[in-house]
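Visitor: I've got a model to look through and some labels I'd like explained. Can you walk me through it?

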Amino acid sequence: MRYKSQKIAREYFLAALALFLLQVIFGILGSIKYVWGYDPLLNVIPFNVARAIHINLLVFWLLLALMGATYYMVADEIKTEIYSVKLARLQLAILLVSGVTAIVGYLFRWSFGMPFLEQPTAIKLAIVVAALIFLANVALTMFTNHHTLTRTTATLLGGMVMLSVMFLFGIPFMPNLSTQYYFWWWVIHLWVEGAWELIAASLVGWALIKVTGVSRQRIEGWVFAEVCLVLLTGIIGTGHHYYWIGTPQYWLWWGAIFSAAEPITSRPSILSKPSACKRERFRETSSRTVPIWAANSWLVRGRVTSTPSEVRLPDF
Amino acid sequence: MTFVIDTTLADGAKSCIMPSTRTILWATTLLSALVFLGMTVDSLRKMGARTHADQLSAQVVEGKWVWQHYDCNDCHTILGIGGYYAPDVTKSYAIRGDAWLRQFLKEPGKMYPTGRQMPNFHLAEAQIDSLVAYLKWVSEVDTNGWPPAPQGAARAESPGTKIFLAQHCNTCHSIRGSGGTLAPDLSREGSRQTKDWILVQINDPRSHKPDSIMPSFKRLPDSDKEDLADYLASLK
């Protein structure tokens, strides 16, 4: 840890850990209900409440962990202290208070009633405020020293902005359930198969730069290829949720084809295998190869290599 | 599609991907986002008719809010999404009908006395009205044929069988090895009871057995009760 303010990540991590433990407890409770027909807690914590709490904790701890990791990584990448540790703490407090309020609220039937987005609107707005504080804090940290703004950090910021923007589509109450679900997937799908992938790609890329010895240029090239392929397949891939919710029939084709292509995007992350890194380092110094095989295997060869051992970087 | 590949990479100073490849990736990604937005506009336009949006009365919308307020979706599945703990209600209205749903919502425990239970939310009459109106609206959404034909429809041979399955009598009763075990087996009901006895049982189970837990199906239309009794009396 080179910068004092990176310590804020520790608070985020501990909060995430606590929420994760709670998630496991409620998960066990839910699974007991699932297996065991008789439910003595039927009128205290029915299955829907246990599930709402369980999945909300999942989302909350994941977000906290991603945000904490962002603070840690951005300081390191930009080579500066976080713009404001106070804001980072304030944001954490808002998220924790709103998260705990939501969870306790579910016990008293205070719910918006859309899976994963059960938080009542007032709490969603508090989350938006926290997200805005977060984005401002990260952006201000980045642009105070923009000469060192890297592609990895830019990708991270892009993922966080996408995450925040998509959340907005989960806030309004729409009279038509089909429309409500159409945009509900903009949060659920475009988080998991969009924004989170961007964030994960940049965090993993940064870690690889730090630990593997493969050059930044090369890894950032991979991250770029991965991010583009994620979005290229993942955005229209949302269509695999639009088969039977009152949407037109053409989604069956579009959704199927694009979501079938989605797994391709996970190929660049094969670099996280030690053997692949070793090979990359070797290739970097010994030959003039171009590690965009992810794009290559898909666009040129028209197929996806199926096992890591099959992965061969093309020589041009 | 050709890629311009930089083969002078050894110095490591240049990026792995040359601008042309980069541009192609950017452009196709952006294009996919635009295509998605275009399809969204088209879908939203078509969904009005597919979901009968003109029938979204104030009562239906109120019912949607009842559905959300009680967080039904974290147990039940609707339009294929939800908790997968309790039945998919997308076509519940079409399968069960008005009377069944009302009876169930009033006293969920009575309908399924064993196994997984739904809590009794003590819904007000107006809430039940709007929830049922909402489920009716949902059942009419064009879902490209999902979920497949109502459960048991393929097996329904006579009007009586249809009612037997639609009212979920087989939750408790079984016929020839298929159904629940909570209540008597009805495989040979016709040789044990008369049609009249069965009709009385359907209307008022407690007249035969004061502590019976079978709900009354008095609210079924008379013709349905006739068909059901005919069917059961035919089982010999």
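Guide: Sure, starting with chain A: its domain assignment gives domain 1 (1-149) and domain 2 (179-316), with bounds that come from an automatic or database assignment. This is a predicted model, so local features need pLDDT of at least 70, side-chain atom pairs count only at pLDDT 80 or more, and totals for chains, interfaces and linings use all residues. Residues are numbered from 1 along each chain as its sequence is written, and chains are lettered from A and ligands numbered from 1 in the order written.

Visitor: What makes a residue part of the contact between chain A and chain B?

Guide: Two residues are in contact if their C-beta atoms, placed from the backbone, lie within 7 Å. That takes 49 residues from chain A and 53 from chain B. On chain A's side, H7(A) gives the most, with 10 residues.

Visitor: Why are H3(B) and H5(B) called roughly antiparallel?

Guide: Helix H3 (residues 92-106) and helix H5 (residues 125-139) of chain B pack at about 165 degrees, with their axes 10 Å apart. Angles run from 0 to 180 degrees between N-to-C directions, and axes are lines fitted to C-alpha atoms, for helices over the stretch in contact. Over 145 degrees counts as roughly antiparallel, so H3(B) and H5(B) earn the label.

Visitor: Which residues of H3(B) and H5(B) make the contact?

Guide: Among them are B:Leu101 and B:Leu105 of H3(B), and B:Leu131 and B:Leu135 of H5(B).

How values were computed: Helices (H or I, at least four residues) and strands (E, at least two) are DSSP runs, numbered from the N terminus. Angles under 35 degrees count as roughly parallel, over 145 as roughly antiparallel, 65 to 115 as roughly perpendicular and the rest as oblique.
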